[in-house]
Amino acid sequence: NFLSGFKSLGMWWNAIGAPSPPEAMQVCYGGVFSGSVKNILKTDAAVWKNIQRSLSVNSIQEPHYVERSWAFLISAPLQPYQLDALIEKADSVYVNVNSYHGALIQRPKLFIHIGTEGTLSTELLTESLVENIDTLELDGYRVAVHGKYEG
């Protein structure tokens, strides 16, 4: 059974009795993580017992909640200046159900005004943009070339 009895990570988080998370927090993807004994011991033993119970429930979803929580529970907390920098620089949240969903990102932007229509340099630059549109979009650029490609 995939679904948990909890409709969201937040509901699960509250149910296990974990401390209130900050506005932004570390997460762990792929099940690879590390932490110090000091950081493991800072989390109440009841939280660990609740996580243990959650991992033995017949659900695929709850272990995913646990996986997303390791970094917050066992790593050194982000300092206020680090949180401020993350929140200030991020302008979006990565949305992709197949990978790092929820990560804060700063999208690069591409603003180019290319010369006068009909000139050789304008045509060469326009052709180059259109030919490389897939690469630019993979890098996060949102490109529109008037009359040739509307991204």
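Colleague: In which loop is the place of threonine 43?

Modeller: This is a predicted model, in which local features need pLDDT of at least 70 and side-chain atom pairs count only at pLDDT 80 or more, while totals for chains, interfaces and linings use all residues. Residues are numbered from 1 along each chain as its sequence is written, and side-chain values use heavy atoms, with hydrogens and water left out. Helices (H or I, at least four residues) and strands (E, at least two) are DSSP runs numbered from the N terminus. In those terms, threonine 43 belongs to the loop between helix 2 (37-41) and helix 3.

Colleague: Is threonine 43 buried or exposed?

Modeller: Buried means under 20% relative accessible area, exposed over 50%, and partly exposed in between (1.4 Å probe, protein chains only). Because its relative accessibility is 8%, threonine 43 counts as buried.

Colleague: With which residues is threonine 43 in contact, leaving aside its neighbours within four places in sequence?

Modeller: Contact means heavy atoms within 4.5 Å. With neighbours within four places in sequence left aside, the partners of threonine 43 are Trp48 and Leu73.

Colleague: Which helix gives the most residues to the largest nonpolar core?

Modeller: A nonpolar core is a set of buried Ala, Val, Leu, Ile, Met, Phe, Trp, Tyr and Cys residues joined through side-chain atoms within 4.5 Å. The largest one has 14 residues, and Trp12, Trp13, Ile16, Ala18, Ile51 and Leu73 touch the most other members. Helix 1 (9-16), helix 3 (45-55) and helix 4 each supply at least two residues of this core. The greatest contribution, 7 residues, comes from helix 4.

Colleague: In which helix does glutamine 61 lie, and is this residue buried or exposed?

Modeller: Glutamine 61 lies in helix 4, which spans residues 61-74. Its relative accessible area is 14%, so glutamine 61 is buried.

Colleague: Which side chain makes a polar contact with that of glutamine 61?

Modeller: A polar contact is a pair of N or O atoms within 3.5 Å; within protein, one must be able to donate a hydrogen and the other to accept it, and residues adjacent in sequence count only if both atoms are side-chain atoms. Leaving aside neighbours within four places in sequence, glutamine 61 is in contact with Phe2, Leu3, Ser4 and Phe6. Its side-chain polar contact, at 3.0 Å, is with tyrosine 65.

Colleague: Which residues meet in a salt bridge?

Modeller: A salt bridge is a side-chain nitrogen of Lys or Arg within 4 Å of a carboxyl oxygen of Asp or Glu, and the structure holds 1. One partner is partly exposed because its relative accessible area is 22%, namely arginine 68; the other, glutamate 67, has 16% and is therefore buried. The N to O distance is 2.7 Å, and the pair is arginine 68 and glutamate 67.

Colleague: What is the C-alpha separation of valine 93 and leucine 104?

Modeller: Valine 93 is found in strand 1 (residues 92-93), and its relative accessible area of 44% is why this residue is partly exposed. The two residues are 11 apart along the chain, and their C-alpha atoms are separated by 4.6 Å.

Colleague: How many helices and strands are in the chain?

Modeller: Read along the sequence, the pattern is α-α-α-α-α-β-β-α-α-β-β. The chain has 151 residues, of which buried residues make up 24%. The totals are 7 helices and 4 strands.
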